[in-house]
Amino acid sequence: MELAGTLEYAGAEESADSAVAVATRKAPPPVMTTCSYMPLSGWVALLAVADVLGSILIAAGVFHLYADPLQYRRWQLWAGILGFFVAWVVTAYVESLYAKKTLLSGLRDQSITAAASCAMAFGILLLFGFTLQFIGGVSRVWLLTWSLCVLGWVSLLRLSWYLYIRHRLRQGTCLDRALVLSGSSALANILSEEIRYQSGGRIGIVSAVSLPGTSGGPPLDWVESAVKNGRVDRIIVASARNAAPEAKALIDRLSQTAVDVTLIPDLDGISTRIVGVDRIGMLPTIELVSRPLSAIEAALKRAEDLVLATTMLLVVMPLLVIAAIAIKLDSPGPVFFRQVREGHHDRKFRLWKFRTMYENSCDAGATRQTSRTDERVTRVGYYLRRFSIDELPQLLNVIRGDMSVVGPRPHALGMTSLGLTMTQVLHDYPARHRLKPGITGWAQVNGCRGEIDSHEKLRRRVALDCFYIDNWSLWLDMWIVLRTIGLIVISSDAY
């Protein structure tokens, strides 16, 4: 379905001619209008780097002025910088320093948050200093001067950021691309102009159309395609009082994708959880669905994946070589087995594994799940599967960006549960695709390993996957990795 060019649904409200004519007339294809768009994720990362790098350079400069003439030891500088880095990461998380809501607030609020963050970070650093006993006479002067200079640096960055955002907004750049869906196209158009005005241009409307399923409305597939193709950041639903079933169907469908869904209140007939309450200018809004990770959280998870995958690949390289030789000596056929799996937003990718079955028995379509006493598994393959060594080549998938180290396990395309497809058993099964799939996951460390031979096992696995997605944190990822290592040694559920 073509989404390029301008996005404005041409199927406006039908005139009251004839019911037959309306029913038989084919609505013209939807069209989206483009708007000058400034994605925040890259700028948030740049701002974070500027904060930390500037603070480190200030630390080195001040230390050179105060400590070098007195011949203080260099380890004090490196200990202070390391302590500050840890303290800043903790503070930024607690104070939501790089959250979208904080960075788009007024200059006064940003300045207060920055000052509080500096105070907390250096408070933590002082605690480190007293604990490690590197706070001396010059260190106190150094830390005090350093903290004041960092406060000035961070405040200057926030002022520059605020002025830059205002300048870009005046030029017509938007920070959020929104698709407005309402009870009718006329109401949607009126609301779009109000949203542009109330948001100060921050939200750019790429289309304003009727709700899918209503007269003149686009199909649900078109809305979902716009999200998955990265054309919109937010879906705004309004005036759904007379189209409650259609709005509910839309929200259920979008809850299985990574997009922000905002409802401008009119909740009659709609029963769903509320993520948060916010405002667009003076318009009250209710957040029903949100992306599982913010921009900064997504960047942190990607950095975590690259560090862990690269480190693990270097550590286990000798084991990979031994496994490859053993596979070649044990049975004829290739060393690796590649299979198409579904990943983030149902995107297909080729997953890498060591071959653990006889070549003529490999099931690329996964029409038959591996059982505990599967005769297709080779002698070497049994041990590779038992200790999950066959999964290690997926570290390459992580580095490529197809997977994460931790996330919902990707299932094969032909996988079934008692002869039924996953979506036939569980309609919200695609919700587990809101994040990249992982080598290990919350479901796996909670007993969900091996074949899915009952609907109940599938429901439990999807429920655990969704819990992980809704409660993600770096600490949860580390805990899952540690538990996975323990389970590889003591558990016999993998086969």
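Entry 1. Thr262

I take a residue as buried when its relative accessible area is under 20%. The model I am consulting is predicted. I looked up Thr262 and found a relative accessible area of 0%, so this residue is buried. I located Thr262 in strand E4, which covers residues 260-263.

Which residues does Thr262 touch, leaving aside its neighbours within four places in sequence? I listed Arg234, Ile235, Ile236 and Val237, and then Thr285, Ile286 and Glu287. I also noted a polar contact at 3.1 Å, which joins the side chain of Thr262 to the side chain of Glu287.

Entry 2. The chain as a whole

I next turned to the totals for the protein chain. The secondary structure comes to 15 helices and 12 strands. The protein chain has 495 residues, and 48% of them count as buried. I then considered the contacts with a separation of 6 or more, and recorded that 74% of them join residues 24 or more positions apart.

Entry 3. Helix H8

I examined helix H8, residues 220-228, to see how it is placed. Seven of its nine residues are buried, so H8 is largely enclosed by the rest of the structure. I wrote down the buried residues as Trp222, Val223, Glu224, Ser225, Ala226, Val227 and Lys228.

What do the buried residues of H8 pack against? I found three strands, namely E1 (176-182), E2 (203-210) and E3 (234-237), together with helix H9 (244-254). I also checked the backbone just after H8, where Gly230 takes a positive phi of about 75 degrees.

Entry 4. Helix H10 with helix H15

I compared the directions of helix H10 (residues 295-330) and helix H15 (residues 474-490). Their axes are 11 Å apart, and the packing angle is about 30 degrees. Angles under 35 degrees count as roughly parallel. H10 and H15 are therefore roughly parallel to each other. I noted that their crossing is right-handed.

I then listed the residues that meet. H10 contributes Leu300, Lys301, Glu304 and Leu308, while H15 contributes Leu474, Asp477 and Met478. By class, I recorded four nonpolar residues, three charged ones and no polar ones in this contact.

Entry 5. Helix H10 with helix H11

I followed H10 to its contact with helix H11, residues 379-386. The two axes come within 8 Å and cross at roughly 150 degrees. Angles over 145 degrees count as roughly antiparallel. H10 is therefore roughly antiparallel to H11.

Which residues make this contact? From H10 I listed Ala323, Ala326, Ile327 and Asp330, and from H11 I listed Arg379, Val380 and Leu384. I sorted the residues of the contact into five nonpolar, two charged and no polar.

Entry 6. Pro393

Finally, I looked up Pro393. This residue lies in the loop between H11 and helix H12 (394-400). Is Pro393 buried or exposed? Its relative accessible area is 4%, and therefore I entered Pro393 as buried.

I set aside its neighbours within four places in sequence and found Pro393 in contact with Phe336, Trp352, Lys353 and Phe354. I also noted the spacing of Pro393 and Leu351, which are 42 residues apart along the chain. The C-alpha atoms of these two residues are separated by 8.6 Å.

Notes: Residues are numbered from 1 along each chain as its sequence is written. This is a predicted model: local features need pLDDT of at least 70, side-chain atom pairs count only at pLDDT 80 or more; totals for chains, interfaces and linings use all residues. Side-chain values use heavy atoms; hydrogens and water are left out. Axes are lines fitted to C-alpha atoms, for helices over the stretch in contact, and angles run from 0 to 180 degrees between N-to-C directions. Helices (H or I, at least four residues) and strands (E, at least two) are DSSP runs, numbered from the N terminus. Angles under 35 degrees count as roughly parallel, over 145 as roughly antiparallel, 65 to 115 as roughly perpendicular and the rest as oblique. A crossing is left-handed if the near helix is turned anticlockwise from the far one by less than a right angle, and right-handed if clockwise. Contact means heavy atoms within 4.5 Å. Ala, Val, Leu, Ile, Met, Phe, Trp, Tyr, Cys and Pro count as nonpolar, Asp, Glu, Lys and Arg as charged, and the others, Gly among them, as polar. Buried means under 20% relative accessible area, exposed over 50%, partly exposed in between (1.4 Å probe, protein chains only). A polar contact is a pair of N or O atoms within 3.5 Å; within protein, one must be able to donate a hydrogen and the other to accept it, and residues adjacent in sequence count only if both atoms are side-chain atoms.
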